[in-house]
Amino acid sequence: MKERVREIQNFNLISQISHTPRRAVKTIFKLKMLLLGETFPNFTADSTAGEINFHEWLGDSWGILFSHPSDFTPVCTTELARVIKLMPEFAKRNTKVIGLSCDSIASHVEWCKDIITYAGINEDEKFPYPIIEDNQRKIATKLGMLDNDELDTAGMPLTARAVFIVDPNKKYRLSILYPATTGRNFDEILRVIDSMQLTDTAKVATPADWKMGGECMVLPTVPDDKLTSVFPQGVTVVPLPSGKKYLRKTACPKTH
């Protein structure tokens, strides 16, 4: 019953926000959840870098779309400043970054001045990545990023701290959703990009707390008689009480 009440509340909020006919809003709620591996929804939006078609902007790069509850807020400012500092790391990984907030482009442009100052960057330098305007919550609604516990002064829901990672084939690869009070761990975002890019090309998976260069786990699909040819660097089988030899480790494959 509680879930049904929340669904009705969401239904009414989205209708109010976007001035979308109730019949159209009902269609939104019938859309199935986006699953990992599916094509990430394309959209066109205004941003601080002009109008952007997301798929065209992405090109042959990996991409990170990260949303923020509001401009001129403390946690969001620290996050966007951190992204500026990490731009060389994203570039090494062939990864583009783009932000989103429910405020206007004019607000974004003014906010960027604060972000640059907090990041310790020369104020004359161009802001290094776009921020999308989503004051009608169209993209936030499409991607399920609204946070009904965080409202603006008009009582409308803001966007949560969402992270979406998309690969060069426009496939949806990973998402993380943080509450408004918790800033993101961008080291973790870099780590998962490293893991996905590595495991896309090598027959390994990455274990808990893995970092680039650490030992990897051999995929269960690799048969024992192929281990030498696939992993010339060697494989270590961890002995377990079950006697099953499924926990197989190998050195991190070279990525270049």
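Gln-136 has a relative accessible area of 33% and is therefore partly exposed, a class that falls between the buried residues, under 20%, and the exposed ones, over 50%. In this predicted model, Gln-136 belongs to the loop that connects β5 (131–133) with α7 (138–142). Although Gln-136 and Ser-104 stand 32 residues apart along the chain, their C-alpha atoms are separated by 9.7 Å.

From this loop the reader may turn to Ser-101, which is placed in strand β4, a strand made up of residues 95–101. Ser-101 counts as buried because its relative accessibility is 0%, and the cut-off for that class is under 20%. When neighbours within four places in sequence are set aside, the contacts of Ser-101 include His-68, Pro-69, Ser-70 and Asp-71, and they also include His-108. Further along the chain, Ser-101 is in contact with Ile-131, Ile-132 and Glu-133, as well as with Asp-134; strand β5 spans 131–133, and the loop that holds Gln-136 lies between this strand and α7.

His-68 offers a way onward, since this residue, listed among the contacts of Ser-101, is also touched by Glu-79. Glu-79 sits in helix α4, which covers residues 74–85, and with a relative accessible area of 2% it is buried, because the value is under 20%. Not counting residues up to four places away in sequence, Glu-79 also touches Arg-161, and its contacts further include Thr-182, Gly-183, Arg-184 and Phe-186.

Another part of the model shows how two strands are paired. Strand β1, residues 44–47, and strand β2, residues 50–53, run antiparallel and are joined by four bridges. One of the residues that can be followed across this pairing is Thr-44, whose bridge partner in β2 is Asn-53. Between β1 and β2 there are two residues, and the two strands form a hairpin.

These local views can be set within the whole protein, which has nine helices and 13 strands. Of its 256 residues, 42% are buried, Ser-101 and Glu-79 being among the residues in that class. Where contacts join residues at least 6 apart in sequence, 62% of them link residues at least 24 apart. The area that the protein exposes comes to about 14,400 Å², of which carbon and sulfur atoms supply 54%.

Conventions
Residues are numbered from 1 along each chain as its sequence is written. This is a predicted model: local features need pLDDT of at least 70, side-chain atom pairs count only at pLDDT 80 or more; totals for chains, interfaces and linings use all residues. Side-chain values use heavy atoms; hydrogens and water are left out. Buried means under 20% relative accessible area, exposed over 50%, partly exposed in between (1.4 Å probe, protein chains only). Contact means heavy atoms within 4.5 Å. Two strands pair if DSSP finds at least two bridges between them. Accessible areas come from the Shrake-Rupley method with a 1.4 Å probe; for residues, only the protein chains shown count as cover.
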